[in-house]
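Here is a note for a colleague who is coming to this structure without earlier acquaintance. The points below are meant to be read with the sequence and the model side by side.

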Amino acid sequence: PVFDLVILGELLEHTAHPDRLLMAAGKVLKPGGAILITTPNGKFFLNCLPTYSEASLGGGLESKQFEPDGEGHLFLLTARELLTLVGRAGLHPAGAVRYFNSPFATGVAKWRYLGRWLPALFSKALETFVSRLPLLRTRLCSGLAVLAKLPVDK
C-alpha cells in the first residue's frame, strides 16, 4: 500500500465489475487512506440506462466495457448501490453520498439565459438548495460522489 488517496472519477459505470475495481483500489491504499468516487446518478430524471442492479442481472457486461468511444456506460449507479459496493470492498463512507450538478449548473434547464442577468451567488445558492433537499436532489442532480475510507486496522 502506497497511496493516501485514489480518485475514481466517472469510472465505475464503465466496468463490468465495479466491486473488483474498488477492492483493487483499496489494496493500494495506506491504512486510513481514502478513495474519492464520482459517478453519474442512476436516478437522474434524464437517465435512460439501467441501474447497476438491473444491468448485472443480465450479465455479459465484460464484452461491452471500455468501449473506445468513451460513451460506454454499462449502467448507472444509485446512491444505495454505490454505498453497497463501497461496503463490499471493505471500505467505509466518510460521510453521506453527495449529489451535484443540478440542471441549473449543467445547462439542462437552459439557465444560461437568465444566468447572464443574475449574480453568480444566486446560481450557487440555487445549486446548494437543490443538492440539499432529498426529494429534489435524488432526481435533479446528475452526479454522485462519496469519499470511502480504508479502516486504519487493515
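In which loop does Asn101 lie? Asn101 is found in the loop that runs between β4 and α4, and the points that follow begin there, with the reminder that this is a predicted model.

1. **Asn101 and its backbone.** Although Asn101 is not a glycine, its phi is positive, at about 65°. With a relative accessibility of 30%, Asn101 counts as partly exposed, whereas Ser102, which is placed in the loop between β4 (98-100) and α4 (103-106), has a relative accessibility of 0% and therefore counts as buried.

2. **The surroundings of Ser102.** The side chain of Ser102 is joined to that of Glu127 by a polar contact of 2.4 Å. When neighbours within four places in sequence are left aside, the residues in contact with Ser102 are Glu127, Val130, Leu140 and Cys141, so a reader who looks at this loop should also look at those parts of the chain.

3. **The cysteines.** The structure holds 0 disulfides. Cys48 is in no disulfide, and the nearest cysteine sulfur to that of Cys48 belongs to Cys141, 18 Å away; Cys141 is likewise in no disulfide, with the sulfur of Cys48 as its nearest, at 18 Å. A pair would have to lie within 2.5 Å to be called a disulfide, which is why these two sulfur atoms are not counted as one. The surroundings of the two residues can be told apart by accessibility, since Cys48 is exposed at 75% relative accessibility, while Cys141 is buried at 0%.

4. **Another positive phi.** Glu10 is not a glycine, yet it has a positive phi of about 55°. Glu10 is placed in the loop between β1 (3-9) and α1 (18-27), and its relative accessible area of 36% makes it partly exposed.

5. **The nonpolar core.** Which residues touch the most other members of the largest nonpolar core? Of the 29 residues in this core, they are Ile35, Ile37 and Leu91. Two or more residues are given to the core by each of β1, α1, β2 (29-40), α2 (52-58), α3 (79-88) and β5 (143-149), and the largest share, 4 residues, comes from α3. In soluble globular proteins, nonpolar side chains tend to be buried together.

6. **Ile35 in detail.** If residues up to four places away in sequence are not counted, Ile35 touches Leu5, Val6, Leu8, Leu22, Ala25, Gly26, Leu29, Leu91, Val146, Leu147 and Ala148. Among these, Leu22, Ala25 and Gly26 are also buried residues of α1, and Leu91 is, with Ile35 and Ile37, one of the residues that touch the most other core members.

7. **The two sides of α1.** The buried residues of α1 are Pro18, Asp19, Leu22, Ala25 and Gly26. They lie on the same side of α1, because the arc that they cover around the axis is only 125°. Arg20 and Lys27 are exposed residues carried on the face of α1 that is turned away from this buried side. Ala24, which also lies in helix α1, counts as partly exposed at 41% relative accessibility, and its C-alpha atom is separated by 8.5 Å from that of Ala89, although the two residues are 65 residues apart along the chain.

8. **The two sides of α3.** Where α3 is concerned, the buried residues are Ala79, Glu81, Leu82, Leu85 and Val86. The arc covered by these residues around the axis is only 165°, so they are on the same side of α3, while Arg80 and Arg88 are exposed on the other side. After α3 comes Gly90, whose phi is positive, near 80°.

9. **The aromatic pairs.** A search of the whole structure finds 2 aromatic pairs. In the pair formed by Phe44 and Phe45, the ring centres are 5.0 Å apart and the planes are at 65°, so this pair is edge-to-face. Phe44 is buried, with a relative accessible area of 8%, whereas Phe45, with 37%, is partly exposed.

Key:
Residues are numbered from 1 along each chain as its sequence is written. This is a predicted model: local features need pLDDT of at least 70, side-chain atom pairs count only at pLDDT 80 or more; totals for chains, interfaces and linings use all residues. Side-chain values use heavy atoms; hydrogens and water are left out. Buried means under 20% relative accessible area, exposed over 50%, partly exposed in between (1.4 Å probe, protein chains only). A polar contact is a pair of N or O atoms within 3.5 Å; within protein, one must be able to donate a hydrogen and the other to accept it, and residues adjacent in sequence count only if both atoms are side-chain atoms. Contact means heavy atoms within 4.5 Å. A nonpolar core is a set of buried Ala, Val, Leu, Ile, Met, Phe, Trp, Tyr and Cys residues joined through side-chain atoms within 4.5 Å. The arc is that of the directions from the helix axis to the C-beta atoms. Rings of Phe, Tyr and Trp (its six-membered ring) pair if their centres lie within 6.5 Å; planes under 30 degrees apart count as stacked, over 60 as edge-to-face and the rest as tilted.
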